[in-house]
Structures are given as structure tokens and as C-alpha cells.
Amino acid sequence: MTPCTVFLLVLQTTFIVSRAFLVDDGATGSCVSLTAISEDLWASDVNRMSASDVTVNYQTKVPDGTTTDKSTQKLFTYVNEAKLGSGTYKLLSNLMNNYDPVKGARETATTAELAEDNAFLDAILATTVMTKLLNYLTCKGLVTSQAALRTVLKKHWFDFYARSGTGTILDTSGFEHVIVGEYKDGTSVNGFHNWVSFYEKEKAGSLNYFGYVSQANPSIIGAAFSWDNRVKTLGSFFIGVSPEFELAIYSLCFLSHPGGVCNISLNGSPVRIVSYSKDGHIATAYVAA
């Protein structure tokens, strides 16, 4: 075998190994790109609602800043209640009434509420979506194990902190702000970027859909609405994604690009995720519609 042949064989082997690292998000060599892992999370979201599970009625397109109802009907025409009442969706719903939405009102968690937090975390960490996220974050050196990821998720999403820049009252959490929603004041809504929360409040009659400001793929809406007579002129969220996917994609961007815009790809479409930190917690995280 000539030296040239040996060199070519080594080069070919190196290329094959390098390529394997690029497609294996658990590899210790080169991690997959942010685009690749975001697409992998989307493809792994087997609990996402199908087109037959959710029907929406967008109705009137409204400009950003709209404060009055321009759509006579609800946004959600149909949601598969059987699916919504099981698995991680049910565990997510269990958490919705654990918070006081009033800004400045101290948050506390009962033993039962802490158990609900833990049950939800255990369930989502057992999904393929979270396993993919774990592999990527491990490759990037951001976590070392599933236990470490659980600790990170608990802190960023569920630990209480003071939303006010100068306040000391622990009145919020990443989960409350992003998923459940909060009152910014007596007339406006803060946070609120989750479709299950939107659907449940709309169904209960406490939320009134005004119309859509924007739409984007895959299944992203920027909506204007009021909740408990407080207005959100533009609240953007995914429609139909599973709870584990939503926490995974926001956590991915919060850890990878804290304090700004994270450009990813979902189902072949470019998507921007925005997130900000407050005292090491998630201050906000949302998909830009």
C-alpha cells in the first residue's frame, strides 16, 4: 500500500467519523447545530396535537395595538379533550391554578403543589423530546446528566423570584409568566405564551379573543386578547405543541442564547425564539410571530 493510499484511507475515515459526530447529538466531538437539534426536537414531538385534534378560527386580522374585540367567535373551535386530559397535558393543566397572577403578590407553593411540579417534571423528562435536549446540552457541556437537567429546569421554570427590578417579594416564576400568564397591572397582561392556557381560559369564559396580529409556520400565532378584562395587544404562541416540546425549545434557546434572539428551524421554517433572564431565572421566553 502506497503512502498516498494510506493518506486517502485516513482522510476518508476521518471524514466518516466527523460526519457521525455531526449527526449524533450525543457525541463528544462536534455537537449538532442549533438548527439540527431544533428540527430534531420538532420531529420527536410525538405528543403534539394533530390537525384533527385542534381546530382554530382565526377570523379578523388586526393591527398590533388593538384593544377591542374584532372577532365575534372564539379562537379555538375544537380541541381533543381526551388527549388534553391525559399524559403531560393533564399534568400541565394541574399547575395552572397554582399561581396568583397579581404582580407583587407573594407566591408560595403548598406540599401538594410541589408534588404537582415534580410529577410534571418527571413526566416530561421521560419523553424523547427531553432526551434529545439532554443529549445536546450534554454535548455542549451545559449539563452533565438528567438529574442536572432536572435541577436546571426546576430553577429556571419553577423557582420563585421577584419580577420587579428593585423588589424583594418573590411574586413570579418562569412557568407562571410564560405558561400561565400574569397581570402586568389593572389593565394589561404580562407574559402568557401558551396555547393550553389560552384554550382553558377561553373555554372558561375569562379570556376574549380579539383577532390575530400575525401568523407563521409552523402553527404560530400572534394574538390580541383580553384576560380578566386586562388586554394583551400581542401575545405569540405555538398552537398544538406538547408541554415537553415547549419547555424544551424555550430551555434550549434560553441556555444557548440567553438574553436575546435565538434563530432556529422547525419543520423547515425559520423561527425566532426570544428569551431573557432575571436573577438566573427565565424572565420571559416566547416565539416571535
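What share of the 289 residues of the chain counts as buried? In this predicted model, the figure is 49%. The chain holds 10 helices and 10 strands, and it exposes about 12,800 Å², of which carbon and sulfur atoms supply 55%. Among contacts between residues at least 6 apart in sequence, 60% join residues at least 24 apart.

Helix 2 (residues 34-43) is a good place to start a closer look. Its buried residues are Leu34, Ile37, Ser38, Leu41 and Trp42. These residues lie on the same side of helix 2, because they cover an arc of only 145 degrees around the axis. Their cover includes helix 6 (128-139), helix 10 (243-256) and strand 8 (260-266).

Aromatic rings come next, with a count of 20 aromatic pairs. One of them joins Trp42 and Phe245 edge-to-face, at 5.5 Å centre to centre and with 80 degrees between the planes. Since Trp42 belongs to helix 2 and Phe245 to helix 10, this pair ties together parts that are 203 residues apart in sequence. Trp42 is buried at 8% relative accessibility, and Phe245 is buried at 0%. Tyr89 and Trp195 are also paired edge-to-face, their ring centres being 6.2 Å apart and their planes at 70 degrees. Here Tyr89 of helix 4 (residues 87-93) is linked to Trp195 of helix 9 (residues 195-204), 106 residues apart; both residues are buried.

Tyr89 and Trp195 also take part in one aromatic cluster, whose members include Tyr183 and Trp227. Two charged residues sit over rings of this cluster: Lys201 lies over the face of Trp227, 5.1 Å from the ring centre, and Arg230 lies over that of Tyr183, at 3.7 Å.

Definitions and conventions:
Residues are numbered from 1 along each chain as its sequence is written. This is a predicted model: local features need pLDDT of at least 70, side-chain atom pairs count only at pLDDT 80 or more; totals for chains, interfaces and linings use all residues. Side-chain values use heavy atoms; hydrogens and water are left out. Helices (H or I, at least four residues) and strands (E, at least two) are DSSP runs, numbered from the N terminus. Buried means under 20% relative accessible area, exposed over 50%, partly exposed in between (1.4 Å probe, protein chains only). Contact means heavy atoms within 4.5 Å. Accessible areas come from the Shrake-Rupley method with a 1.4 Å probe; for residues, only the protein chains shown count as cover. The arc is that of the directions from the helix axis to the C-beta atoms. Rings of Phe, Tyr and Trp (its six-membered ring) pair if their centres lie within 6.5 Å; planes under 30 degrees apart count as stacked, over 60 as edge-to-face and the rest as tilted. A charge sits over a ring if NZ of Lys or CZ of Arg is within 6 Å of the ring centre and within 35 degrees of the ring normal.
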